[in-house]
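Me: I am new to reading protein structures, and I would like to study one part slowly rather than the whole chain. Could you pick a single strand and take me through what surrounds it?

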Amino acid sequence: MQLRYTILYVDDVAAAVDFYATAFGLDRGFVHDSGDYGELATGATKLAFSSTALMRQLGKDPRPPSITGPTFEIAFETDDVPAAFQRAVAAGAAVVQPVRDESWGQTTSYVSDPHGYLVEICSPIQLPSPG
């Protein structure tokens with residue numbers, strides 16, 4: 001089993017793909033001609049978007065995300081959290097938590113995308129040495 005996709009439900013797939021490509025420097029995968037599905041190249045697991053209209057056609061009832069009560073987050077890891085945070089904010093992300101150094105040795109920040117999804121921008125976690 002492999003985790004292949006994380007799919008966010010949005011009203012405007014093309015706008016979501018454009019935002020994430022600009023805000024986080026991700027490569028565009030594709031947007032289907034219908035405009036109901038799109039992907040970004042993010043490594044082994046793709047970040048994808050499906051339109052809320054398509055999901056309703058498929059019998060699903062997608063709910064809008066809540067930045068004040070999130071149920072999950074997307075995390076992007078980088079060696080330069082302050083620069084990545086500024087890039088995201090300049091592209092239209094809303095500040096949720098400014099850049100800060102955590103007690104466990106990681107640098108973190110949080111933004112909200114234009115659809116209300118919580119996005120963490122963080123440095124790699126320094127795992128303890130085995131033994």
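Reply: A good place to start is Ile-74, whose bridge partner in strand S8 is Val-119. The model is predicted, so local features need pLDDT of at least 70 and side-chain atom pairs 80 or more, while totals for chains, interfaces and linings use all residues. Residues are numbered from 1 along each chain as its sequence is written, and side-chain values use heavy atoms, without hydrogens and water.

Ile-74 belongs to strand S5, which covers residues 74-77 (strands are DSSP runs of E with at least two residues, helices runs of H or I with at least four, numbered from the N terminus). S5 pairs with S8, residues 118-122, in the parallel sense over 4 bridges (pairing takes at least two DSSP bridges). Looking further across, you find an open sheet of 4 strands with mixed pairing, in the order S5-S8-S7-S6. S5 is an edge strand of this sheet, as is S6 (94-101), and each of the two pairs on one side only.

Now look at the space beside S5, where the second largest pocket is found to be lined by Phe-72, Glu-73, Ile-74, Ala-75 and Phe-76, together with Thr-6, Thr-42, Thr-45, Lys-46 and Leu-47 (a pocket is an open set of 1 Å grid points over the protein atoms alone, where a 1.4 Å probe fits, with protein on both sides within 12 Å along at least five of seven lines; lining residues have an atom within 4 Å of a point). S5 gives the most to this lining, 3 residues, and strand S4 (46-51) is the other element that gives two or more.

Phe-72, which helps to line the second largest pocket, is also among the residues closest to the centre of the largest pocket, along with Pro-65, Ser-66, Thr-71 and Tyr-117. That largest pocket has 15 lining residues, and its largest share, 3 residues, comes from strand S1, residues 5-10.

Finally, S5 also contributes to the largest nonpolar core, since S5 is one of the elements that give two or more residues to this core, along with S1, S4, S8 and the helices H1 (13-24) and H3 (81-90) (a core joins buried Ala, Val, Leu, Ile, Met, Phe, Trp, Tyr and Cys through side-chain atoms within 4.5 Å; buried is under 20% relative accessible area, 1.4 Å probe, protein chains only). The core holds 25 residues, of which Tyr-20, Phe-24, Leu-47 and Phe-49 touch the most other members, and H1 supplies the largest share, 8 residues. Leu-47 therefore appears twice in this picture, once in the lining of the second largest pocket and once in the core.

Notes
Buried < 20%, exposed > 50% of the residue type's maximum accessible area, 1.4 Å probe, protein only.
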